[in-house]
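Here are a few exercises to help you find your way around a new structure. Try each task yourself before you read the solution.

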Amino acid sequence: FPSHDKVEGTPEFTWPKNKRHEACNVNYMDRTMEIAGYDVKGEKGELYFSQTEEKYAKQLRRKYKGKFLIMWVLAGSSFHKVYPYAEYVAKYILSRHEDVMIFTVGDAMTKLLEWEHPRTKNMSDIWSIRKTMLMTKHVDLVIGPETGVLNAASCFDTPKIIFLSHSSTENLTKYWTNTDAIEPNVYCHPCHKLIYTLDACPLEPGIKAPICTSKIPWRQVAGSIEKTYSDWKEKRWGHPIVTGKQIGRAHV
């Protein structure tokens, strides 16, 4: 399809950025509906679950009653879909708020990115993809790169923080609700590419991670989490959180 990102190994992958942007900077859902023959725009995805699945989710919520539940999606399908400072930010937030609980999710390979903490539940390769998608409806915040689970979360009003890399807000999050779409301030974004080898992506010296992920400041991510947490706290208790603390150096 003309709106899809250009895959490494195809001739289109080497197009100049402006040519790729002109061809690709359309909303994925709008273009999908157009190709399917529907003259509608502005649609979001929909997901439906069984009564048994909904019962499981509600039981889990009861188990962690009073906790601010974060689902952290650790990785997507390509190198530019991993945020290298996830553990740092997560432990910083956990150090500030005793009522925060984090579920890390992903596949078997993603287990390499998980960390240990008393209030982090490592569910990579434990929750199925369907159960993970179910829980995007029931947690208080979903964080992650532009990948399938974040697309699942877009079906619901659950607050979301998404790290954009190859896609623009026009492409992906234009119609999403309660979403902080963080765009990296780098020359190559949005590249409209799917990259599978590190040699094909500009890297941050030292950590050898794509600059579109490594250049997202950890303080920006932490600040977005803090805002969502404060909104949740205000809704729950009827007043905003005033800690008097600035986001600074983490003690992890």
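**Exercise 1.** Find out whether Arg96 is buried or exposed, and which residue forms a salt bridge with it.

Step 1: Start with accessibility. Arg96 has a relative accessible area of 16%, and buried means under 20%, exposed over 50% and partly exposed in between, using a 1.4 Å probe and protein chains only. So Arg96 is buried.

Step 2: Before going on, know what you're looking at. This is a predicted model, where local features need pLDDT of at least 70 and side-chain atom pairs count only at pLDDT 80 or more, while totals for chains, interfaces and linings use all residues. Residues are numbered from 1 along each chain as its sequence is written, and side-chain values use heavy atoms, with hydrogens and water left out.

Step 3: Now look for the partner. A salt bridge is a side-chain nitrogen of Lys or Arg within 4 Å of a carboxyl oxygen of Asp or Glu. Glu226 fits the bill: its closest N and O atoms with Arg96 are 2.5 Å apart.

Step 4: Place both ends. Glu226 sits in helix α8 (residues 218-237) and Arg96 in helix α4 (residues 86-96), so this pair ties together parts 130 residues apart in sequence. Helices here are DSSP runs of H or I with at least four residues, strands are runs of E with at least two, and both are numbered from the N terminus. Glu226 is buried too, at 13%.

**Exercise 2.** Work out where Lys137 and Glu54 lie, and how far apart their closest N and O atoms are.

Step 1: Lys137 and Glu54 form a salt bridge, with 2.8 Å between the closest N and O atoms.

Step 2: Lys137 is in the loop between α5 (129-136) and β5 (141-145), Glu54 is in helix α3 (residues 51-63), and 83 residues separate them.

Step 3: Compare the surroundings. Lys137 is partly exposed at 35%, whereas Glu54 is buried at 13%. The structure holds 11 salt bridges.

**Exercise 3.** Explain why Lys227 and Asp231 are separated by about one helical turn.

Step 1: Their side chains meet in a salt bridge, 3.1 Å from N to O.

Step 2: Recall that an α-helix has 3.6 residues a turn, so residues three or four places apart point the same way.

Step 3: Lys227 and Asp231 are four residues apart in helix α8, which means about one helical turn between them. Lys227 counts as exposed at 54%, and Asp231 as partly exposed at 39%.

**Exercise 4.** Lay out the sheet: in what order do the six strands come, and which of them stand at the edges?

Step 1: The order is β4-β3-β2-β5-β6-β7, in an open sheet with parallel pairing. Two strands pair if DSSP finds at least two bridges between them.

Step 2: β4 (120-122) and β7 (179-182) stand at the edges with a single partner strand each, so one side of each has no neighbour in the sheet.

Step 3: Neighbouring strands are turned by 15° against each other on average, direction ignored. Axes are lines fitted to C-alpha atoms, for helices over the stretch in contact, with angles from 0 to 180 degrees between N-to-C directions.

Step 4: Zoom in on one pair. Three bridges join β3 (residues 100-105) to β4, and Phe103 has Lys121 in β4 as its bridge partner.

Step 5: Add a helix. α4 packs on the sheet, touching β2 (68-73), β3 and β4, where contact means heavy atoms within 4.5 Å.
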